[in-house]
Every structure is written in structure tokens, then in C-alpha cells.
Amino acid sequence: MSTVIPFNPSDSANFQFQPLLDGNTYTGIVTWNAYAGRYYVGIYTLQGVLVLNIPLISSPTPITQNCYNYVNSPLLAPSVVNQNIVKGSLVVGPGIPAGTTIIELTTPPSLPISRSTPTGSITQASGRLMRLSNYSTSSNTNVGFLFTYGINLLAGYFTSQMYYFENSSNIIIV
């Protein structure tokens, strides 16, 4: 499950939030560093002990792409090829578990691609499939998915993930 935290900094006080990271609640405090000319986020225990202090680096703006996905399958089929979607991109969409990434991009040998499902047959003709790190929990036909190469601000410190998107002013915890 993802938590979206709207980032609304103030000139008069530091921005604070309480993320749930690896099953524990922490206090996040975002401060402006005038020397560096950027925001930093400090992660503290509830007792006030500093665990981590890192720059608040923005992930690229997500790309919206219509795709087909299949229940209990790690495959996602875009309706058209978008060369800006790359291996390692985060995937957000209906039936896609939080934290799912693209682990492989493949071009099948023949087109169009058809797949039988319990409700009929789905065909797409883009010529490119995406293998995901998790299995989809539902089937969807030509609906919008978001792709971004997210910068996990907590990598190496927590198994939970934290992303910042400057364009939407959101911090997302996965």
C-alpha cells in the first residue's frame, strides 16, 4: 500500500510528517539548507534520535501509458511503444502491487499478440511486452498506467521506499 503525503513547505516552520517505514512509525522533518540551496529530509525515531538525513531529490515526472494487463501474470502490454519507458521504471496502475518495477522489456517474434483470458481474448499490437517484478491482481483492457524511474530516497537504509515528485509536490511512501 502506498501513502501519499502532500509536501507543503512553509517559510515559518519546518515541514513534518510521520511515515510508516518497515513497520515502525518515524518522524520526518524537511528543512531548507540555504548553503546547499535545497531541501533535506531528516528521519527521526519517535524519541527524537536522528536515523537518516538526506537531500530531498525529485524523481522524474511520470509517463502515462495505456496498457493491457492480465490477472496472475507478470506481463504488461502497452497499446503503443514509448521508448521513454525503461527497465527499472516504477509501475503504478490498476491491479499492480505497490513497489512493482519493470524487470525486462521484450519484443515478441510475431505480431499481433493475443492472449486468451477467462472472459475472452485480448489482442494488442505494439510489439513490446514488459515483465514486471510482481504479478497483477486483475485484468484491464487499455487503461492508463504510470511509469517513472523513481529515485528511492531510503535505498540502503530501509526496505520501505520513499519518492518525491516535485511536479506534484508529493512524497510517496511504498
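In this predicted model, a polar atom of the side chain of Ser59 lies 2.7 Å from the backbone nitrogen of Ile151. Ser59 sits in the loop that runs between strand 7 (50-55) and strand 8 (63-69). Its relative accessibility is 4%, and because buried means under 20%, Ser59 counts as buried. Apart from residues up to four places away in sequence, Ser59 touches Tyr149, Gly150 and Ile151, and also Tyr163, Tyr164 and Phe165. Asn152 is 93 residues from Ser59 in sequence, yet the two C-alpha atoms are 8.4 Å apart in space.

A second serine, Ser160, is found in the loop between strand 15 and strand 16. Ser160 has a relative accessibility of 10% and therefore counts as buried. A polar atom of the Ser160 side chain lies 2.7 Å from the backbone nitrogen of Asp22. Once neighbours within four places in sequence are set aside, the contacts of Ser160 are Leu20, Leu21, Asp22, Asn152, Leu154 and Val174. Asn152 thus appears in the contact list of Ser160 and in the C-alpha distance given for Ser59.

The two serines are set out below.

| Serine | Relative accessibility | Backbone nitrogen facing the side chain | Distance |
|---|---|---|---|
| Ser59 | 4% | Ile151 | 2.7 Å |
| Ser160 | 10% | Asp22 | 2.7 Å |

Turning to the largest pocket, its volume is about 330 Å³. The pocket is lined by 21 residues, and those closest to its centre are Ser2, Leu90, Val92, Phe165 and Ile172. Phe165 is also one of the residues that Ser59 touches. Four strands each supply at least two residues of the lining: strand 10 (90-92), strand 15 (140-148), strand 16 (162-165) and strand 17 (170-173). By residue class, the lining holds 14 nonpolar and 7 polar residues, with no charged ones.

For the protein as a whole, the secondary structure consists of 17 strands and 0 helices. The chain has 174 residues, of which 39% count as buried; Ser59 and Ser160 are among them. The exposed area of the protein is about 9400 Å², and 51% of that area is supplied by carbon and sulfur atoms. Of the contacts between residues at least 6 apart in sequence, 56% join residues at least 24 apart.

Notes
Residues are numbered from 1 along each chain as its sequence is written. This is a predicted model: local features need pLDDT of at least 70, side-chain atom pairs count only at pLDDT 80 or more; totals for chains, interfaces and linings use all residues. Side-chain values use heavy atoms; hydrogens and water are left out. On a 1 Å grid over the protein atoms alone, a cavity is a set of points where a 1.4 Å probe fits but cannot get out, and a pocket is an open set with protein on both sides within 12 Å along at least five of seven lines; lining residues have an atom within 4 Å of a point. Grid points are joined across faces, edges and corners, and a volume is the space filled by probe spheres set on the points. Ala, Val, Leu, Ile, Met, Phe, Trp, Tyr, Cys and Pro count as nonpolar, Asp, Glu, Lys and Arg as charged, and the others, Gly among them, as polar. Buried means under 20% relative accessible area, exposed over 50%, partly exposed in between (1.4 Å probe, protein chains only). Contact means heavy atoms within 4.5 Å. Accessible areas come from the Shrake-Rupley method with a 1.4 Å probe; for residues, only the protein chains shown count as cover. A polar contact is a pair of N or O atoms within 3.5 Å; within protein, one must be able to donate a hydrogen and the other to accept it, and residues adjacent in sequence count only if both atoms are side-chain atoms.
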